[in-house]
Amino acid sequence: MGDAAASLVGPRIYKEFVWPWEKKLVDGIHAAGGRVRLHICGNTRRILAGMGTLGCEMVDIDFPVPMEEARAQMGPRQTLAGNLNPVKDVRGGTPETIAQALESLRQIAGPQWIVAAGCEIVRDTPHRNIQAMIQFAETHACSQV
């Protein structure tokens, strides 16, 4: 489930106007037998707590959000994914710097975390950098939704 605009509102507007509709959608997907991965683009720091109460199996954390804040506000049981900067870290990094960044995220996020970029992988990203992410995911204990 994607929401490209919820990060543009504050917590009061999110709680009153956005959250109820997102919750209805999450509940509908669950009622149909599905599982939910939520991605809200951008800096969601002000609405993390609300996002964490939607009941999604997985929540993507975009790169502007410190993983420490996401984990603190969503709790240890919420599976988080992300949040490598897709330009600076993934496209502009090296396999070594990507592995270091992922290890740091793994330490912060804990066992309920999945390797992912913070948002879309950008054009012209070196294949070796994508392979570094895959290799890290294959060789480190990460959550399964």
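**Exercise 1. Determine the strand order of the open sheet and which strands stand at its edges.**

Solution. In this predicted model, where local features need pLDDT of at least 70, side-chain atom pairs count only at pLDDT 80 or more, and totals for chains, interfaces and linings use all residues, the open sheet has five strands in the order β1-β2-β3-β4-β5, with parallel pairing. Strands (E, at least two residues) and helices (H or I, at least four) are DSSP runs numbered from the N terminus, and two strands pair if DSSP finds at least two bridges between them. Residues are numbered from 1 along each chain as its sequence is written, and side-chain values use heavy atoms, with hydrogens and water left out. β1 (2-3) and β5 (113-114) each have a single partner strand, so one side of each lacks a neighbour in the sheet. β1 pairs with β2 (residues 37-40) over two bridges, and His39 in β2 is the bridge partner of Gly2.

**Exercise 2. Describe the surroundings of Asp62 and state which side chain of opposite charge is nearest.**

Solution. Begin with location: Asp62 lies in the loop between β3 and α3. Next, consider charge, with Lys and Arg counted as positive, Asp and Glu as negative, and His and the chain ends not counted. Asp62 is buried (under 20% relative accessible area, 1.4 Å probe, protein chains only), yet has no salt bridge, the nearest side chain of opposite charge being Arg37, 10 Å away; a salt bridge requires a side-chain nitrogen of Lys or Arg within 4 Å of a carboxyl oxygen of Asp or Glu. Finally, a polar atom of the Asp62 side chain lies 2.6 Å from the backbone nitrogen of Gly42.

Key: Buried means under 20% relative accessible area, exposed over 50%, partly exposed in between (1.4 Å probe, protein chains only). A polar contact is a pair of N or O atoms within 3.5 Å; within protein, one must be able to donate a hydrogen and the other to accept it, and residues adjacent in sequence count only if both atoms are side-chain atoms.
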